[in-house]
Amino acid sequence: MLAAMPPTTPPTGANPHGQAVRERGDACPGALRLHAADDGRLARLRLPGGLLTARQPFALADAAERLGDGRLDLTSRGNVQLRGLSDACAGPLAETLRAAGLLPSERHERARNIVASPLAGEDQRPFADVRLWVRALDALVCGSDTAAGLSGRFLFALDDGRGDVAALGADVTLLAEPAGGTAVLRAGDDRLRVRDADAPRAALAAAEAFLGAAAASGAWRVRELPEGHDLSARLAAALASAGITARPARPERPAREGGPEPQGGPPALGVITPPGQVRAAVSVQPRLGRATAAQWRLLASAGGGLRVTPWRGIVVPGLTHGAAEELLARAAAAGLVTSADSPWYGVGACTGRPGCAKALADVRADAAASLGAHAPGLPVYFSGCARRCGHPQGRYVDKVATAEGTYTTTTGTGTGTGTG
């Protein structure tokens, strides 16, 4: 149950339609299945919706210092990684996570990949509080024997209507509609309208239908299904069996009727005060996605919990405006990125050397040395090899290390969130 995981390799073949052929089982790391890296074991902790209660961030900070290298890596799926773990850390880490309520099901811990709009519940309408969907879907996934078979790379996205996480290329997406009462379910080529009360069950039905459609091909993601797959038929049957009414949602219809979908992005950095609200939130990013335990505790000290975003950021919700301004100043003094004016803003990197055996360069050091050298606009991402682990979604400046000690530089286009 508590197993160390060998280094991963990319798929070794392709089926006739170009999708990946998996010649081995899913080796995605988790909280119980640790990955063997050059800097020690790595644990990836799934945080559905990126949501952490008031006490959970302190448990993670303590685990990072007591068992790992004292830092917490944020992933492009709103999850957290601990690095530098010893071979003997698996048991103590699992005990810590159970005590903190972060390990509700050992069989499902790698299947709990759920991203959600980070500002959900902080705004007035038209945005929905999809935190309720997060909790419901997580419980449904953990209660499904079938869902335990989902790959650690399969992703749910629950969007509150602003279009932020709906743009992340998830396998199953729920998008709340402005009028309230309904949601759009997206899975593969299907775009269906369901009641918002049925939305979490519909998302689970879509995931279970995918597993049936993928059984013969070994696909881990919806986009890997071969041509001629029967996902649509399986989804229709699953929804009918669950008593969920679904009808087509056509993009060409007006937005109020479920037409063109909203296009949002990550929360702005700084103090966020939604219109008409007295409460505020603070939005920050650790440099290159790595936070120290001290920085983590600083943000958690506000007492209302944290939200980890799929853009490697952290939102601290539920503050008075004065408390938010004070926390932002302390975060800046602690070395966190608090403004788009920071030279660190928009600069990212994978682990690179010395932590990753496949990396050809110390990309974090090279990224830090390059600050100020990039034209403003697109994000810049340094990759230690051609796998480009954790690259951004959308257009970005793609810098990939070479064996000659240089970088190739192109404009890349991310087609989905990374494997974190």
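Q: Which residues in α6 are buried?
A: Let's start with one helix of this predicted model. Helix α6 spans residues 293-300 and is mostly covered, with six of its eight residues buried. Those buried residues are Ala293, Gln295, Trp296, Leu298, Leu299 and Ala300.

Q: How are α1 and α6 oriented to each other, roughly parallel or roughly antiparallel?
A: Helix α1 covers residues 56-67, and its axis lies 9 Å from that of α6. The two helices pack at an angle of about 170 degrees, and angles over 145 count as roughly antiparallel. Therefore α1 and α6 are roughly antiparallel.

Q: How do the residues of the contact of α1 with α6 divide into nonpolar, polar and charged?
A: On the α1 side, the contact is made by Pro57, Phe58, Leu60, Ala61, Asp62 and Glu65. On the α6 side, Ala293, Trp296, Arg297 and Ala300 take part. Together these residues divide into seven nonpolar, no polar and three charged.

Q: Which residues touch the most other members of the largest nonpolar core?
A: Trp296, which helps make the contact of α6 with α1, is a good place to look. Leaving aside residues up to four places away in sequence, Trp296 touches Leu52, Pro57, Leu60, Ala61, Leu72, Leu74, Val80, Ala291, Leu306, Val308 and Ile314. The largest nonpolar core has 44 residues, and those touching the most other members are Leu82, Leu93 and Trp296.

Q: How many residues are in the other core, which lies apart from the largest one?
A: Leu82 and Leu93 belong to the largest nonpolar core, alongside Trp296. Apart from that core lies another, with Ala147, Ala203, Leu211 and Leu231 among its members. The number of residues in this other core is 41.

Q: Is asparagine 113 buried or exposed?
A: Asparagine 113 sits in the loop between α2 (90-99) and β9 (114-116). Not counting residues up to four places away in sequence, Asn113 touches Arg46, Arg77, Asn79, Ser151, Gly152, Arg153, Phe154, Leu155 and Phe156. Its relative accessible area is 0%, and buried means under 20%. So asparagine 113 is buried.

Q: What share of the residues of the chain count as buried?
A: Now for the whole chain, whose secondary structure comes to eight helices and 23 strands. The chain exposes about 17100 Å², and carbon and sulfur atoms supply 53% of that area. Of its 420 residues, the share that count as buried is 53%.

Q: Among contacts between residues at least 6 apart in sequence, what percentage join residues at least 24 apart?
A: One example to picture is Trp296 touching Leu52. Among contacts in the chain between residues at least 6 apart, those joining residues at least 24 apart make up 64%.

Key. Residues numbered from 1 in each chain as written. Predicted model: local features only at pLDDT ≥ 70, side-chain atom pairs only at ≥ 80, totals over all residues. Heavy atoms only, no water. Core = buried A, V, L, I, M, F, W, Y, C linked by side-chain atoms within 4.5 Å. Buried < 20%, exposed > 50% of the residue type's maximum accessible area, 1.4 Å probe, protein only. Contact = heavy atoms within 4.5 Å. Helix = DSSP H or I, 4+ residues; strand = E, 2+ residues; numbered from the N terminus. Areas by Shrake-Rupley, 256 points an atom, 1.4 Å probe, with all protein chains shown as cover. Axes fitted to C-alpha atoms, helices over the stretch in contact; angles between N-to-C directions. Parallel < 35°, antiparallel > 145°, perpendicular 65-115°, else oblique. Nonpolar A, V, L, I, M, F, W, Y, C, P; charged D, E, K, R; others polar.
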